[in-house]
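Let's take a walk through this protein chain together, going from the outside to the inside. Keep the 3D view open as you read.

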Amino acid sequence: MPPLIKLMRLVPLVLLGCGTDSKARASATATIDGAHRAALADSVRAFAASVSRGVTAQGPAAWRAYFADDSAFFMAAEGQLVFPSSDAATRGIAGLARTIAHIELRWGDTVRVDALAPGLAVVAMPYHETRRDVRGHQVEEDGFFTSLVERRGTGWVIRDAHWSVRSAPSPVP
């Protein structure tokens, strides 16, 4: 049998498989109706606002309360896995709390929420952070934050997080 005919016989199977995946994705998001989707988005936005207030009021140690405290958690930043686990985050946050005297975290006006399933969403937003270390040096930083958040018995937690810092453009050679 010529290769082109073999390929043409596979096309319906491939398309059928793609259709099944599309239906599965549609089915997963269809479990949330419009009103629930809006309520979930409002709840996630309120959680994000509480993170900003908490970190600003309590410093970097406040992050521990917002991160999932189990094997689901990890955090990446700038193309690197910064905290591969909840335990690594706990140790890292303790170090930050000893070196950062003050932190102010503000989310940008555009907080995007993608409701994936009841109690599970992706949140994405620009941020501005001002940090002052124990020696008085201050750093201003702008970037973007994305996270998978999950509602648990105690409320929303950050399961997976990613930060990217907006840097100055590279000089043209």
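## The outside

The chain's accessible surface comes to about 10,600 Å², and 60% of that belongs to carbon and sulfur atoms. Keep in mind that this is a predicted model. Of the chain's 173 residues, 32% count as buried.

## The overall layout

Now for the building blocks. You'll find 4 helices and 7 strands in the chain. Follow the sequence along and the pattern reads α-α-α-β-β-α-β-β-β-β-β.

How do stretches of the chain meet each other? Take the contacts between residues at least 6 apart in sequence: 53% of them join residues at least 24 apart.

## Salt bridges

Time for some charge. Side chains of opposite charge can pair when their charged atoms come close. In this chain, the count of salt bridges comes to 7.

One of them links R64 and D69, with 4.0 Å from N to O. D69 has a relative accessibility of 60%, so it counts as exposed, the cut-off being over 50%.

Another joins R152 to D70, and here the closest N and O atoms are 2.6 Å apart. Which parts of the chain does this pair tie together? R152 sits in strand β6 (residues 138-152), while D70 belongs to the loop between α3 (63-66) and β1 (74-77), so the pair connects parts that are 82 residues apart in sequence. R152 is partly exposed, at 26% relative accessible area, and D70 is partly exposed too, at 28%.

## A small network

E150 and R159 also pair up: their side chains meet in a salt bridge at 3.5 Å, N to O. Is R159 buried or partly exposed? Its relative accessibility is 22%, so R159 counts as partly exposed, given that buried means under 20%. Through salt bridges that share partners, D70, E150, R152 and R159 are joined into one network.

## A hole inside

Finally, peek into the interior. There is 1 cavity of 30 Å³ or more, and the largest cavity has a volume of about 50 Å³. Which residues line the largest cavity? They are F47, A48, V51, W107, V123, M125, F145, S147, V149 and I158. The elements giving two or more residues to this lining are α2 (34-58), β5 (120-133) and β6.

What kinds of residues are these? The lining of the largest cavity has 9 nonpolar residues, 1 polar one and no charged ones. Strand β6 is worth a second look: it helps line this cavity, and it also holds R152, the salt-bridge partner of D70.

Conventions
Residues are numbered from 1 along each chain as its sequence is written. This is a predicted model: local features need pLDDT of at least 70, side-chain atom pairs count only at pLDDT 80 or more; totals for chains, interfaces and linings use all residues. Side-chain values use heavy atoms; hydrogens and water are left out. Buried means under 20% relative accessible area, exposed over 50%, partly exposed in between (1.4 Å probe, protein chains only). Contact means heavy atoms within 4.5 Å. Accessible areas come from the Shrake-Rupley method with a 1.4 Å probe; for residues, only the protein chains shown count as cover. On a 1 Å grid over the protein atoms alone, a cavity is a set of points where a 1.4 Å probe fits but cannot get out, and a pocket is an open set with protein on both sides within 12 Å along at least five of seven lines; lining residues have an atom within 4 Å of a point. Grid points are joined across faces, edges and corners, and a volume is the space filled by probe spheres set on the points. Ala, Val, Leu, Ile, Met, Phe, Trp, Tyr, Cys and Pro count as nonpolar, Asp, Glu, Lys and Arg as charged, and the others, Gly among them, as polar.
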